[in-house]
Amino acid sequence: MSQSTSIPRKQERVRDHGYDDYMEIQKKVRKVLKFQELILTQPNNMISVARLDSLSRRIGFKQLESGRFVLKFPHVFEVFEHPVQRILYCRLTRKAVAQIERENEALQRQIPDAVTRIRKLLMMSKTGRIRLEHVRIARKDFGLPDDFEYSVILKHPQFFRLFDADETRNKYIEMVERDCTLGVCEIERVREREYRERGVDAEDIRFSFVVNFPPGFKIGKYYKIAMWKWQRLPYWSPYEDVSGYDLRSLEAQRRMEKRAVAMIHELLWLTVEKKMTLERIAHFRMIMDLPKKLKELVLQHQGIFYLSTRGNHGKLHTVFLREAHIKGELVEPNELYLARRNLAELVLVSPRKARPGGELASYRRDGLDDHTRGVGKRWPGREVEEESDVSCSESGVE
């Protein structure tokens with residue numbers, strides 16, 4: 001193949017600062033979530049600062065680093081003096097608790113959508129089954145609650161079957177029956193909308209993708225020709241069974257390569273935030289017939305995807321669906337996305353705007369400022385007791 005008939009495989013990655021800046025914010029949010037999980041596993045959802053420092057080392061923090069960290073986010077964490085023990089404790093602020101409740105409510109309300117996502121995910125699998133562990137690892141991406149095995153899988157036996165495989169000793173989710181009405185990709189809906197609204201030639205967009213190259217991406221003459229030919233190349237739908245086709249010809253291999261792009265496109269569209277780490281996409285590589293060199297495939301199509309290495313010292317590779325974002329923000333935000341974004345807004349609020357004594361004063365007004373009352377209430381219906389010696393298990397963000 002000459003350069004004019006195929007897209008170059010190895011291309012220089014062009015950075016898009018809108019996505020990279022978003023990942024820098026997510027880096028802080030992930031750390032905050034780790035501390036939140038530590039605090040929520042403690043009795044009465046509060047923990048002494050000394051104990052927090054010892055437990056935070058298990059999740060990668062250094063000695064004495066936890067105290068400085070929680071003080072950076074006074075709108076999420078509240079440090080106060082216990083009225084009985086007279087030692088410093090840490091808990092979540094009212095705003096942070098309200099954000100968690102809002103996210104949990106959004107998770108419960110969108111369970112019907114989560115059921116549809118898992119059904120479509122199973123239809124993309126060549127065997128109609130997926131390992132339960134792989135779905136569990138990516139549950140936050142697909143908007144699944146922590147108890148999704150019961151609330152989504154077992155609670156809908158008309159759609160899913162859960163079983164243990166004898167050969168691998170792993171649990172698998174299997175679809176009960178294929179639903180042809182779900183076998184329509186989002187990119188096909190976009191093409192139809194483009195055709196009806198803008199009157200674009202149907203032949204030109206029949207197999208095309210929405211392409212938005214990052215600023216500074218160099219597009220040469222031969223690349224334009226190759227891209228035009230690739231856009232018109234037919235391919236099989238991600239929901240189509242290709243097991244009966246002869247895939248040995250060069251034309252079939254080119255169609256399978258484009259099908260892999262469509263597969264990743266649809267997989268990202270099924271997520272809540274239209275993004276997923278490359279490492280989690282790799283879990284579905286075998287069952288979806290994706291190529292081994294996923295990173296090379298993503299970089300080959302920088303107008304469709306964006307690969308960001310920010311947020312974890314280059315160890316994390318996050319793939320964004322470009323058409324669904326503008327400068328790292330969703331074009332069509334959903335309720336769960338907005339609830340998670342509310343935490344990022346709390347993280348970004350400057351510590352100078354916080355009132356360190358405000359929460360402590362309200363705490364004392366609730367009846368916790370004298371020894372005679374002993375243990376009072378922080379929130380209605382939630383009693384505050386002395387911290388027990390129950391050890392906290394390690395927790396982290398998947």
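Start by selecting Cys-180: this cysteine is exposed, with a relative accessible area of 71%. Keep in mind as you click around that the model is predicted. Now jump to Cys-90, which sits at the other end of the scale: Cys-90 is buried, at a relative accessible area of 0%. If you're hunting for disulfides, you can stop here, since the structure holds zero of them.

**Next stop: strand 6**

Select residues 171-175, which make up strand 6. How many of the five residues in this strand are buried? Four of them are, so the strand is mostly covered, given that buried means under 20% relative accessible area.

Now bring in the neighbours. Add residues 160-164, which form strand 5; this strand runs antiparallel to strand 6, and five bridges join the two. To see one of the pairings, show Phe-160 and look across to strand 6, where its bridge partner is Met-175.

Then add strand 4, residues 129-131. Strand 4 is also antiparallel to strand 6, with three bridges joining them. Pick Arg-129 here and find its bridge partner in strand 6, which is Glu-174. With strands 4, 5 and 6 on screen together, you have strand 6 joined to strand 4 by three bridges and to strand 5 by five.

**A detour into a loop**

Select Arg-206. You'll find this residue in the loop between helix 9 (202-205) and helix 10 (221-231). Is Arg-206 buried or exposed? With a relative accessible area of 51%, Arg-206 is exposed, because the cut-off for that label is over 50%. While you're there, turn on Glu-192 as well: it lies 14 residues from Arg-206 along the chain, and the C-alpha atoms of the two are separated by 8.8 Å.

**Salt bridges along helices**

Side chains of opposite charge can pair when their charged atoms come close. In this model the count comes to 25 salt bridges. Here are a few to pick out.

Go first to helix 6, residues 132-137, and show Glu-133 and Arg-136, which are three residues apart, about one turn of the helix. They form a salt bridge, with the closest N and O atoms 2.7 Å apart. Colour by accessibility and you'll see Glu-133 partly exposed at 33%, while Arg-136 is partly exposed at 28%.

Move on to helix 11, residues 250-269. Select Glu-251 and Arg-255, four residues apart and again about one turn of the helix. Their side chains meet in a salt bridge at 3.7 Å, N to O. Arg-255 counts as partly exposed at 25% relative accessibility, and Glu-251 counts as partly exposed at 36%.

Now try helix 14, residues 335-348. Which residues should you show here? Glu-345 and Arg-341 form a salt bridge, the closest N and O atoms being 3.7 Å apart. The two are separated by about one helical turn, because they are four residues apart in the helix. On accessibility, Glu-345 is partly exposed at 41%, and Arg-341 is partly exposed at 35%.

For the last selection, show Glu-103, Glu-273, Lys-275 and Arg-340 together: salt bridges that share partners join these four into one network.

Key:
Residues numbered from 1 in each chain as written. Predicted model: local features only at pLDDT ≥ 70, side-chain atom pairs only at ≥ 80, totals over all residues. Heavy atoms only, no water. Buried < 20%, exposed > 50% of the residue type's maximum accessible area, 1.4 Å probe, protein only. Pairing = 2+ DSSP bridges. Disulfide = S-S within 2.5 Å.
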